[in-house]
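Student: I should like to learn how to read a helix in its surroundings. May we work through one case together?

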Amino acid sequence: MGLLGRMFGGNKGPADPPALRQEIEKAMNGLAAVTAAHNGTWHLGEADWSLDQDVGNLVFTTPQGMQAVAPAQIIGTYNTQDGAWLWGWDHSSVEPSLAKDAKKMLAYGQKHGYAKLTTRKLQITEDEAWELTALAFLVCGANGAYRGPAGTALVFMTFGEVQLSKVT
């Protein structure tokens, strides 16, 4: 890329370090497998969702009459209009109790020297937002991840153990 491209934003910066790229690929594969299991068991892909930040639960309700409830963590938000990712560890709209896993990602980034994990706001693609969330899923030992729309933003979350029940 030429000088003008670098000066005016045509370059998204250096590629991920090989060790980080390897961890992301491992995380994406693991998340894909877990998501397939959730889809097969309780139809995650068809479910409506809600998040109660006061309680900290992510609630999914399926057309089949199932409700899945799991403790949630907000990893970050992605603005669909400008491509900005904002980490949950420094996000004014995220309750501190729901930013614990995002803070673990900050510490992981600091430990390994990964600027992508320690920079509060990034210009990335939605696919890259999924990669960061998948990495949080892996590093933090979550049971799954979800991306929920909230206006022009997408909220990227991980979730813990899922409790299933029938909606009455």
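Student: Against which elements do the buried residues of H3 pack?

Tutor: Please note that the model is predicted. A residue is taken as buried when its relative accessible area is under 20%. In this chain, the buried residues of H3 pack against three helices and three strands by name: helix H2 (18-42), helix H4 (115-118), helix H5 (126-140), strand E3 (66-79), strand E4 (84-87) and strand E7 (153-159).

Student: Which residues of H3 are buried?

Tutor: They are Asp 101, Ala 102, Met 105, Leu 106, Tyr 108 and Gly 109. These residues lie on the same side of H3, because they cover an arc of only 165 degrees around the axis. On the other side of H3, the exposed residues are Lys 100, Gln 110 and Lys 111.

Student: What is the span of H3 from its first C-alpha to its last?

Tutor: One compares the span with that expected at 1.5 Å a residue. H3 comprises 13 residues, 100-112, and reaches 18 Å, close to the expected 18 Å. Gly 113 follows H3, and its phi is positive, near 75 degrees.

Student: How many helices and strands does the chain have?

Tutor: The chain has five helices and eight strands. The radius of gyration is 17 Å, close to the 15 Å that the globule rule gives for 168 residues, so the chain is as compact as a globular protein of that length.

Student: What share of the contacts with a separation of 6 or more comes from residues 24 or more positions apart?

Tutor: Such residues account for 59% of those contacts. Buried residues make up 41% of the 168 residues.

Note on methods
Residues are numbered from 1 along each chain as its sequence is written. This is a predicted model: local features need pLDDT of at least 70, side-chain atom pairs count only at pLDDT 80 or more; totals for chains, interfaces and linings use all residues. Side-chain values use heavy atoms; hydrogens and water are left out. Helices (H or I, at least four residues) and strands (E, at least two) are DSSP runs, numbered from the N terminus. The expected span of a helix is 1.5 Å times one less than its number of residues. Buried means under 20% relative accessible area, exposed over 50%, partly exposed in between (1.4 Å probe, protein chains only). The arc is that of the directions from the helix axis to the C-beta atoms. Contact means heavy atoms within 4.5 Å. The radius of gyration is taken over C-alpha atoms; the globule rule is 2.2 Å times the number of residues to the power 0.38.
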